[in-house]
Amino acid sequence: MRQKSMKMVMCAAAAVFTFSGMNINAGAAGVSSVLPSAGVEYALATNATSLKGMKEEVEIPREKVIEETKEVDTSRLSEDVIKDVAKRLNRKDEEENFKSLVIAKVNDYVNVRSIPSEEGEILGKLYDKSVGAFLSEQDGWYEISSGSVTGYVKAEYCVTGEDAVALAKEVGTRIATVTTTTLKVREQPGLDAAVLGLVPIEDQLIVTEELEDWVKVNIEEGDGYVSTDYVTLTTEFIQAESKEEEAARLAKEEAERRAAQEAAARAAGKSSKSKPAQQVTYASGGGSEMGRAVADYALQFVGNPYVYGGTSLTNGADCSGFVMSVYANFGVSLPHSSAADRNVGSAVNGLENAQPGDLVCYSGHVALYIGNGQIVHASTAKTGIIVSNANYRTPLSVRRIF
């Protein structure tokens with residue numbers, strides 16, 4: 001089951017967010033929990049008490065900054081000082097924002113109902129670790145707003161207030177979205193540090209540590225640092241899914257799957273104009289026939305070069321360019337973006353359920369699953385297109401096209 005995600009802007013926050021498991025029976029069996037990153041995005045203002053009417057950026061008024069600094073001669077207050085104080089104020093406000101969240105702690109999901117009673121109509125589902133905004137409390141029920149759903153959830157299966165602060169930091173994922181054309185990821189936090197790798201605009205990176213003006217992120221070349229001047233920091237949560245959205249999503253995924261299969265069938269008889277630099281044979285088993293065909297085709301190009309921004313299977317491609325060009329051979333159009341690839345196709349519940357041809361999405365990277373716990377991908381400029389173990393890094397999501 002897939003749910004939508006929401007992003008809540010917490011500018012320059014000091015906390016590091018990771019996933020952790022929480023298991024409490026909610027009496028709602030039969031739905032497995034999958035947490036892909038796709039869907040509606042929201043931004044939570046620092047003074048917001050709900051997720052309604054939110055704006056994308058938080059701006060601290062200059063007057064509030066000046067008051068905070070206790071400066072006598074405010075005319076000499078530099079913009080750098082204002083920026084620094086604004087960051088500190090946002091850090092203070094972050095925990096206050098988390099207190100107004102309602103977070104599900106269940107095995108699968110808790111139903112969102114129309115009234116605070118089990119007799120109420122089921123409007124949607126708030127999945128485990130999913131988040132809504134607290135609106136009110138009545139007779140052991142929380143009224144929440146989450147995504148397009150506003151209704152009531154049983155309080156015993158959720159946390160809010162002080163208990164939500166720590167849990168929000170665990171279940172949220174801290175994301176740095178690149179805002180410049182080509183971002184340099186450096187080995188250390190400083191402009192004089194060596195460049196570890198390059199990341200394109202709008203790519204999304206997992207943040208593992210936040211410093212004063214730099215954040216530590218994970219890319220294919222390893223862990224490095226990027227300046228906060230060139231990224232937007234957000235916290236990504238999963239939000240509720242309405243009954244109508246669930247039905248529409250399932251229908252859309254089925255239609256996309258059929259369309260992809262039809263496109264692949266039309267392209268099946270055509271030979272590729274690209275000639276692989278060398279032939280390498282690997283075993284790819286399980287899954288659909290078309291998925292195996294995608295994996296087998298991709299494996300032909302192992303040993304060819306990695307080129308940043310490239311899409312050529314023979315002369316060089318980057319990670320998303322490689323995936324895009326492989327699927328183009330089967331009549332399927334995919335974006336040239338590892339971040340956008342997290343939203344294509346349909347969600348797969350974990351790497352253990354991956355099949356050949358599936359996209360495996362990592363922080364700032366994407367690969368093709370080939371079976372037997374392995375992937376083929378355009379890795380780095382040093383390695384080129386290679387085969388790796390799929391769990392060499394922690395995947396963000398697995399997506400299925402066929």
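**Exercise 1. Work out how K99 and E162 are paired, and where the two residues lie.**

Solution. Begin with the pair itself: K99 and E162 form a salt bridge, their closest N and O atoms being 3.1 Å apart, where a salt bridge is a side-chain nitrogen of Lys or Arg within 4 Å of a carboxyl oxygen of Asp or Glu. The pair links distant parts of the chain, since K99 belongs to helix 2 (residues 79-99) and E162 to helix 3 (residues 162-171), 63 residues apart; helices (H or I, at least four residues) and strands (E, at least two) are DSSP runs, numbered from the N terminus. The model is predicted, so local features need pLDDT of at least 70 and side-chain atom pairs count only at pLDDT 80 or more, while totals for chains, interfaces and linings use all residues. Residues are numbered from 1 along each chain as its sequence is written, and side-chain values use heavy atoms, with hydrogens and water left out.

Next, consider exposure: K99 counts as partly exposed at 25% relative accessibility, whereas E162 counts as exposed at 56%. Here buried means under 20% relative accessible area, exposed over 50%, and partly exposed in between (1.4 Å probe, protein chains only).

**Exercise 2. Compare the exposure of the partners in two further salt bridges, K154 with E156 and D358 with R400.**

Solution. By the rule above, the count comes to twelve salt bridges. In one of them the side chains of K154 and E156 meet at 3.7 Å, N to O; K154 is buried, with a relative accessible area of 19%, but E156 is exposed, with 56%.

In another, D358 and R400 have their closest N and O atoms 2.8 Å apart. Because D358 lies in the loop between strand 19 (346-348) and strand 20 (359-362) and R400 in strand 24 (residues 397-400), the pair ties together parts that are 42 residues apart in sequence. Both D358 and R400 are buried. Elsewhere, salt bridges that share partners join E96, K99 and E162 into one network.

**Exercise 3. Describe how strand 6 and strand 7 are joined, and how far strand 7 is covered.**

Solution. Strand 6 (residues 141-146) and strand 7 run antiparallel and are joined by six bridges; two strands pair if DSSP finds at least two bridges between them. One of the partnerships sets S146 against V149 in strand 7. Two residues stand between the strands of this hairpin, in which G147 takes a positive phi near 65 degrees. As for cover, five of the six residues of strand 7 (residues 149-154) are buried.

**Exercise 4. List the buried residues of helix 5, identify what covers them, and then examine T380.**

Solution. In helix 5 (residues 289-299), the buried residues are M290, G291, V294, A295, Y297, A298 and L299. Their cover includes helix 4 (243-267), helix 6 (319-328), strand 21 (365-371), strand 22 (374-380) and strand 23 (384-389).

T380 is found in strand 22 and is buried, with a relative accessible area of 9%. Leaving aside neighbours within four places in sequence, T380 is in contact (heavy atoms within 4.5 Å) with E220, E221 and Y306.

**Exercise 5. Assess the confidence of the model across the chain.**

Solution. The chain averages a pLDDT of 78, and 72% of the residues score at least 70, pLDDT being the predictor's confidence in each residue, from 0 to 100. Over residues 1-60 the pLDDT is below 50, and this stretch has 206 contacts in the model beyond near neighbours in sequence. Over residues 271-285 the pLDDT is also below 50, with 28 contacts in the model beyond near neighbours in sequence.
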